[in-house]
Amino acid sequence: MATRSTPRGDRVLSAVDPEATARAYVDMWNDREYAAIPQLVADTFVMYDPAAPAKGVAGPKGEVHGRDGLRQFMEVISTAFPDFEITVLDMVSGEDIVMYEVRLTMTHDGPLGGLPPTGREVQIRGVSILHLDAGIIREHRFHTNMNEVAPQLGLTFPQLLGQLPKLLIGKVRLSIS
């Protein structure tokens, strides 16, 4: 959490800089800096993300609940996409809200649910909305078109036909390990 000092008469007021908090949150994701979670998000943190799975992450499908849930979700993403990176394209903020447009780039090099790695690169754009309370993120809403992911992974018909041998071999390897 970042602060900025604002002079006011003969005293200095310390206010939280919402954009600096948002950038620290993005850096936490990019650097897989799990230790930063307690400083950046509230105990009651909720993330709404269409990629959040129903199993293995605290919260129902499409939601991530709490600090532990956020760590679990970050681990799911970084296992499936070890090179996952967020690039902020534009950012606007208010006193307790930050909105930013992002480009996510990643290569599917690890298991994702029951899906073995495809080795294919994915790029999607989306918008994140962070709601803050006293400089701590209490809610993160991520909006994107998830329909763009399957074709990039080669998981649509007829692309899937070419991927079947690789996917079957990967599935067998996952079941053995």
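# Exercises on a predicted model

Just after α1, arginine 32 has a positive phi of about 50°. The model is predicted, so local features need pLDDT of at least 70 and side-chain atom pairs count only at pLDDT 80 or more, while totals for chains, interfaces and linings use all residues. Residues are numbered from 1 along each chain as its sequence is written, and side-chain values use heavy atoms, with hydrogens and water left out.

## Exercise 1: the chain as a whole

Task: state how many helices and strands the protein chain has, and in which pattern they follow.

Solution. Step 1: helices (H or I, at least four residues) and strands (E, at least two) are DSSP runs, numbered from the N terminus. Step 2: the protein chain holds five helices and eight strands. Step 3: along the sequence the pattern reads β-β-α-α-β-β-α-β-β-β-β-α-α. Step 4: the protein chain has 177 residues, and 36% of them count as buried. Buried means under 20% relative accessible area, exposed over 50%, and partly exposed in between (1.4 Å probe, protein chains only).

## Exercise 2: helix α1 and its two ends

Task: compare the reach of α1 with the expected value, find where its buried residues lie, and describe what stands at its ends.

Solution. Step 1: the expected span of a helix is 1.5 Å times one less than its number of residues. With 14 residues, α1 reaches 20 Å from its first C-alpha to its last, close to the expected 20 Å. Step 2: Pro18, Thr21, Ala22, Tyr25, Val26, Met28 and Trp29 are the buried residues of α1. Seen down the axis, these residues fall within an arc of 150°, so they line one face of the helix. The arc is that of the directions from the helix axis to the C-beta atoms. Step 3: at the N-terminal end, aspartate 17 caps α1, with a side-chain oxygen 3.1 Å from the backbone nitrogen of glutamate 19. Step 4: arginine 32 is in the loop between α1 and α2 (37-40), and its positive phi occurs in a residue other than glycine.

## Exercise 3: helix α3 and the loop after it

Task: carry out the span and face analysis for α3, then place aspartate 83.

Solution. Step 1: the 15 residues of α3 should span 21 Å at 1.5 Å a residue, and its end C-alpha atoms are 21 Å apart, which agrees. Step 2: the buried residues in α3 are Gly66, Gly69, Leu70, Phe73, Met74, Ile77, Ser78 and Ala80. Down the axis of α3 they fall within an arc of 165°, so they line one face of the helix. Step 3: aspartate 83 is in the loop between α3 and β5 (85-93). Its relative accessibility is 38%, so aspartate 83 counts as partly exposed. Step 4: aspartate 83 and methionine 106 are 23 residues apart along the chain, and their C-alpha atoms are separated by 5.4 Å.

## Exercise 4: two loop residues

Task: decide whether histidine 108 and alanine 134 are buried or exposed.

Solution. Step 1: histidine 108 is in the loop between β6 and β7. At 0% relative accessibility, histidine 108 counts as buried. Step 2: its side chain makes a polar contact with the side chain of threonine 118 (3.1 Å). A polar contact is a pair of N or O atoms within 3.5 Å; within protein, one must be able to donate a hydrogen and the other to accept it, and residues adjacent in sequence count only if both atoms are side-chain atoms. Step 3: alanine 134 is in the loop between β7 and β8. With a relative accessible area of 65%, alanine 134 is exposed. Step 4: phi of alanine 134 is near 55°, a positive value in a residue other than glycine.

## Exercise 5: the largest pocket

Task: describe the lining of the largest pocket and state which element gives the most to it.

Solution. Step 1: on a 1 Å grid over the protein atoms alone, a pocket is an open set of points where a 1.4 Å probe fits, with protein on both sides within 12 Å along at least five of seven lines; lining residues have an atom within 4 Å of a point. Step 2: the largest pocket is lined by 29 residues, and Asp49, Ala51, Phe73, Ile77 and Met146 lie nearest its centre. Step 3: α1 (18-31), α3 (66-80), β6 (97-107), β7 (121-133) and β8 (136-144) each supply at least two residues of the lining. β6 gives the most, with four residues.
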